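Here are a few notes to help you find your way around this one. Have a look at the structure first, then go through the points in order.

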Amino acid sequence: MARNNVTVLGPKDAPALVLAHGFGCDQGLYGRILPFFVDKFRVILFDHVGSGGSDQNAYDPVEYGSLDRYASDILELCDALDLRDVTIVGHSIAAMMVIAAAVRRPELFKRLVLLAPSASYIDDAATGYVGGLSEDDVQDLLVSLDDNHLAWAATIAPVVMGNAEAPELSDELEQSFCQVDPRVMRTFARVTFLSDVRDLLPDVTVPSLILQCSNDALAPLAVGEYLHAHLSDSELVLLGASGHVPQVSAPTETGEAILRYITAPS
């Protein structure tokens, strides 16, 4: 499991809880909410290939230029650990990966937790879908990342994190962005901001919790409402937390919301 730098915590025979991190980060971003779960669940953390402590030699920009490769990695990880009835948390772009994985292998999953999710980040005037960003916004974002990785990280981290009253949180996210190989960041950014899973939503049969953040620059409330309307067995919870990374900025509220959902009777 060195490929994905897998970490397993908690009782061996406890229910499986997989935590999948988002763009520009690694499994460490979940550190603040682990105390809510490690005594009740077999918690599995991992780094996407190219991120964190994953096997950098396994990274291929063509192969990892699609959402499907990341979804396959999640399924392969679950199979390698012989997991069943998996509850999986997907943050940001990882929510799209989780949706794709659940459509392919619904029998593997018990519950999905979609944390600060999106079905597509780009507005679609033809359908009235509001993703939060225009095509020009996304292209500008990608061009600026291509031009200067470090300057991009310094600019985007406060936007993503929000919570201007706690600049140390933005600094933490900026450091995470800066530590990722620029070639990985460029490819992963395109996967993140150009992916669209709206067509998959009707095929999701696994119960889902949508945890929407208040005042999220990347995923406005309309996104959470859209997901809730198009996921047949879903619950939408609006957190008081602002920004796009509530497991960092509001770990108690986020951890408690996840715990309530995943311990409720099926």
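1. Keep in mind that this is a predicted model. A good place to begin is the pairing of strand β1 (residues 7–9) with β3, which runs in the antiparallel sense over 3 bridges. If you want one pair to click on, take L9, whose bridge partner in β3 is V43.

2. Now look at strand β2 (residues 16–20). Its pairing with β3 is in the parallel sense and spans 4 bridges. Here L19 has L45 as its bridge partner in β3. So β3 takes part in an antiparallel pairing with β1 and a parallel one with β2.

3. Stay with β3 (residues 42–45) and check its side chains: which way do they point, and are they buried or exposed? R42 and I44 point one way, V43 and L45 point the other way, and all of them are buried. Note that R42 is on that buried list too.

4. Next, move to the helices. α2 (residues 93–104) and α6 (residues 182–194) have axes that come within 9 Å and cross at roughly 70°. Angles of 65 to 115 degrees count as roughly perpendicular, and α2 and α6 are therefore roughly perpendicular to each other. Their crossing is left-handed.

5. Which residues make the contact between these helices? From α2 they are I93, M96 and M97, and from α6 they are F188, V191 and T192. Sorted by class, this contact of α2 with α6 has 5 nonpolar residues, 1 polar residue and no charged ones.

Key: Residues are numbered from 1 along each chain as its sequence is written. This is a predicted model: local features need pLDDT of at least 70, side-chain atom pairs count only at pLDDT 80 or more; totals for chains, interfaces and linings use all residues. Side-chain values use heavy atoms; hydrogens and water are left out. Axes are lines fitted to C-alpha atoms, for helices over the stretch in contact, and angles run from 0 to 180 degrees between N-to-C directions. Helices (H or I, at least four residues) and strands (E, at least two) are DSSP runs, numbered from the N terminus. Angles under 35 degrees count as roughly parallel, over 145 as roughly antiparallel, 65 to 115 as roughly perpendicular and the rest as oblique. A crossing is left-handed if the near helix is turned anticlockwise from the far one by less than a right angle, and right-handed if clockwise. Contact means heavy atoms within 4.5 Å. Ala, Val, Leu, Ile, Met, Phe, Trp, Tyr, Cys and Pro count as nonpolar, Asp, Glu, Lys and Arg as charged, and the others, Gly among them, as polar. Buried means under 20% relative accessible area, exposed over 50%, partly exposed in between (1.4 Å probe, protein chains only). Two strands pair if DSSP finds at least two bridges between them.
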